[in-house]
Amino acid sequence: MKAKSAEFVISAAEPSRFPRATLPEIAFAGRSNVGKSSLLNTLVGVSGLARTSRTPGRTRLLNWFRVVPPRGPAMHFVDLPGYGYARVPHDMRASWRPLIESYLGDRQVLRGLVVLVDARRGAEDEERELLEWLHEVKVPPLVVVTKADKLPKNKRKPAAILVQRELGLDRAPILFSALDSEGIVPLWRAILQHVNADEPEP
Ligand code: GTP
Ligand code: MG
């Protein structure tokens, strides 16, 4: 399962540069190096569309992509800068939070935030805070446990259930791997459900 098409639209480092809100949006957030850009590339089926890196903290901008999903009309995917990377200078970290909060709090077309959690690391304070904030601004979270391939098969489901408990979720998060495409079908299904959730009945 992959997108029919996907192309880069624009990068922005401040709200005044965000593109006009013309399409429903799904954004991707998580700790630096958790695999946001890799997940986005795997979902759309275009390797190298969102920049991936072994150097954590590289994506410091919000990056918009126009995506035509496997079924239904076009949407925007937004790759958000990673948080919580200790070696990034402090003033830069301080500038991320208001930027991301203004995006998540003000973006009327935002239909859901895919929150990535590393399978081996689990959820920590940052993820709990992010989910509380999403609840306040009424943006539904889609929690995904990434890098599932790094755990043996029999440890994956337990890791997802642990994250469910850590974050107090109603159901287990989606297990995902950019390496073997595990989780791609359930994640697409969840994204399409969120994008179409408030479409008027025909
Ligand atoms: P920043 O933009 O810097 O915050 O990072 P990011 O969250 O976009 O992570 P990125 O996709 O750049 O991936 C970081 C590293 O993890 C890269 O070396 C990827 O190859 C690796 N990686 C990402 N997803 C997976 C996965 O599912 N499995 C494995 N084994 N490695 C992965
Ligand atoms: Mg990235």
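Student: A salt bridge is a side-chain nitrogen of Lys or Arg within 4 Å of a carboxyl oxygen of Asp or Glu, so how many does the structure hold?
Tutor: There are eight salt bridges. The model is predicted: local features need pLDDT of at least 70, side-chain atom pairs count only at pLDDT 80 or more, and totals for chains, interfaces and linings use all residues. Residues are numbered from 1 along each chain as its sequence is written, chains are lettered from A and ligands numbered from 1 in the order in which they are written, and side-chain values use heavy atoms, with hydrogens and water left out.

Student: What does Glu127 pair with?
Tutor: Glu127 forms a salt bridge with Arg31, with 3.6 Å between the closest N and O atoms. Glu127 sits in helix α3 (residues 125-137) and Arg31 in the loop between β2 and α1, so the bridge ties together parts 96 residues apart in sequence. Helices (H or I, at least four residues) and strands (E, at least two) are DSSP runs, numbered from the N terminus.

Student: Are those two buried or exposed?
Tutor: Both Glu127 and Arg31 are buried, meaning under 20% relative accessible area; exposed is over 50% and partly exposed is in between (1.4 Å probe, protein chains only).

Student: And Arg156, what is its partner?
Tutor: Glu182, at 3.1 Å from N to O. Arg156 lies in helix α4 (residues 153-167) and Glu182 in the loop between β7 (174-175) and α5 (184-196), so this salt bridge links parts 26 residues apart in sequence. Arg156 counts as buried at 9% relative accessibility, while Glu182 is partly exposed at 26%.

Student: Which residues form a salt-bridge network?
Tutor: Arg31, Arg121, Glu124, Glu126 and Glu127 are joined into one network by salt bridges that share partners.

Student: New topic. Where is Lys36, and which side chain of opposite charge is nearest to it?
Tutor: Lys36 is in helix α1 (residues 36-44). The nearest side chain of opposite charge is Asp79, 5.8 Å away, and Lys36 is buried without a salt bridge. For charge, Lys and Arg count as positive and Asp and Glu as negative; His and the chain ends are not counted.

Student: Aromatics next. How many aromatic pairs are there?
Tutor: Six. Rings of Phe, Tyr and Trp (its six-membered ring) pair if their centres lie within 6.5 Å; planes under 30 degrees apart count as stacked, over 60 as edge-to-face and the rest as tilted. One of them is Phe18 with Tyr103, edge-to-face at 5.9 Å centre to centre and 80° between the planes. Both Phe18 and Tyr103 are buried.

Student: What cluster do they belong to?
Tutor: Phe18, Trp64 and Tyr103 form one aromatic cluster.
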